[in-house]
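User: Could you take me through one part of this model, the place where two neighbouring helices pack, and then show me what else is worth a look around it?

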Amino acid sequence: MKKAFSTIGPGLLFAGAAIGVSHLVQSTRAGAEFGFGLLWALVLVHIFKYPFFQYGPRYASATGETLLDGYRKLGKGVLISYYILNFATMFTIQAAVTIVTAGLASHLFGITNDVVLWSGVICAISFAILLFGKYKVLDNLMKYIVVILTVSTMLTVLVAIFNTNKGFTFTQIIPSGTAEITFLIAFLGWMPAPLDISIWHSLWSVEKSKNTFETIKPKQAIFDFNVGYIGTLFLSVCFVILGTMVMFKTGQTFSSKGTVFGSQLINLYTKNLGDFAHIFIGVAAFTTMFSTTLTTLDASPRAMEKTSFLLFKRKAILSYWLWLVILALGTFVILKYFLSDMGFLIRIATILSFLTAPFYAILNYLLITGKHTPEKHRPGIGLKILSISGIVFLILFSIWFLLNF
């Protein structure tokens, strides 16, 4: 048991990166606006995205390489495409998660309502943690963060269920109209996470092996991943329940302003648990979003460093630390000069993530089923069928969105 626990790490980093905007913002908003009507979408997207996320740690443990190494073997053009896509989206994604974290910090700690200033402080603290603690701190910290979030969320949901006297229907809803369809695509885009996190997961898996000085077997890697993935599904349902119980049919809506949203989000908990829990729940929510900010700030530079090295063989110049500085500065510039409201930024980031999902799904499938993966570690027929179904699902939903946009 102790050995199994020691191998857990990248899966919880995956959970830490995933359980953020998609859960605290999008899932609670889905419950507030549609009740339980979008549970079908929540379950479907977890099922259809599952193989492509799993292929990250599967490939890393089977080959000792990251998915980026595999992409290079599929062709230099593939890696160049990823390089461009990641560069085009990483600033928006980082800005989106950082501004939500800043909104929660503003509500929890006071001091100032300037979320841009808070964003700068959060980026600086994250930078310092990564500078001095590196991967080992991320790995250890996430185990405690996920436990705190899970316990506090479960407690809140149970109290909310027992305290409510509302009647609810589980009738499922197919959104119609541009606004509702746009929300659905945004909801699916980061649920449970953007597909390129599979690349991050493979990077963390390789880094985990370096830190523990032992090879993590594919079965261990998949078990680790499943723990994190099941946790993200469970908590996403919990946040839909909270949004439904507290805000559905109340006439209230979530604000697109960071500071106001932070207050509303924490009140989802305190309304049911009582004012005594305000600080505890506030810290749990903030810590969750801070972990997302921290993991994304680590992962994107890590991915860009690896891609730069594979493409240009100039690791010393295009280093992790240089990309970290570029990402932090770029995020601050977006929030300082181009941010009109939090909601708009999140919609852009989530929609871009969904529209690029078929690209990553196809690449991961081709890599894990092809000659670059040892035959004994390739997926079985069931997972292959699910993968093809998932690719079709992602493509059709993207086309549906573009036709209705």
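Analyst:
**Where α5 meets α6**

Happy to. In this predicted model, helix α5 (residues 67-74) packs with α6 at an angle of about 130°, and their axes are 5 Å apart. Angles of 115 to 145 degrees fall in the oblique class, so α5 is oblique to α6. On the α5 side, the residues that make the contact are Leu-68, Tyr-71, Arg-72 and Leu-74, and they meet Lys-76, Val-78, Leu-79 and Tyr-82 of α6. Sorted by class, this contact has 6 nonpolar residues, 2 charged ones and no polar ones.

Helix α6 also leads us to the inside of the protein. There are 3 cavities of 30 Å³ or more, and the largest holds about 120 Å³ of space. Its lining has 15 residues, and those closest to the centre are Ala-17, Val-97, Trp-190, Pro-194 and Ile-197. Residues 76-109 make up α6, which is one of the elements that give two or more residues to this lining, along with α2, α3, α10 and α13. The lining of the largest cavity divides into 11 nonpolar and 4 polar residues, with no charged ones.

Another spot to look at is Ala-221, in helix α11 (residues 218-247). Ala-221 counts as buried because its relative accessibility is 7%, and the cut-off for buried is under 20%. Beyond its neighbours within four places in sequence, Ala-221 is in contact with Pro-57, Ser-61 and Ile-216. From Ala-221 to Ser-202 the separation is 19 residues in sequence and 9.9 Å in space, C-alpha to C-alpha.

Terms used:
Residues numbered from 1 in each chain as written. Predicted model: local features only at pLDDT ≥ 70, side-chain atom pairs only at ≥ 80, totals over all residues. Heavy atoms only, no water. 1 Å grid on protein atoms, 1.4 Å probe; cavity = no way out; pocket = protein on both sides within 12 Å on 5 of 7 lines; lining within 4 Å. Points joined across faces, edges and corners; volume = space filled by probe spheres on them. Helix = DSSP H or I, 4+ residues; strand = E, 2+ residues; numbered from the N terminus. Nonpolar A, V, L, I, M, F, W, Y, C, P; charged D, E, K, R; others polar. Buried < 20%, exposed > 50% of the residue type's maximum accessible area, 1.4 Å probe, protein only. Contact = heavy atoms within 4.5 Å. Axes fitted to C-alpha atoms, helices over the stretch in contact; angles between N-to-C directions. Parallel < 35°, antiparallel > 145°, perpendicular 65-115°, else oblique.
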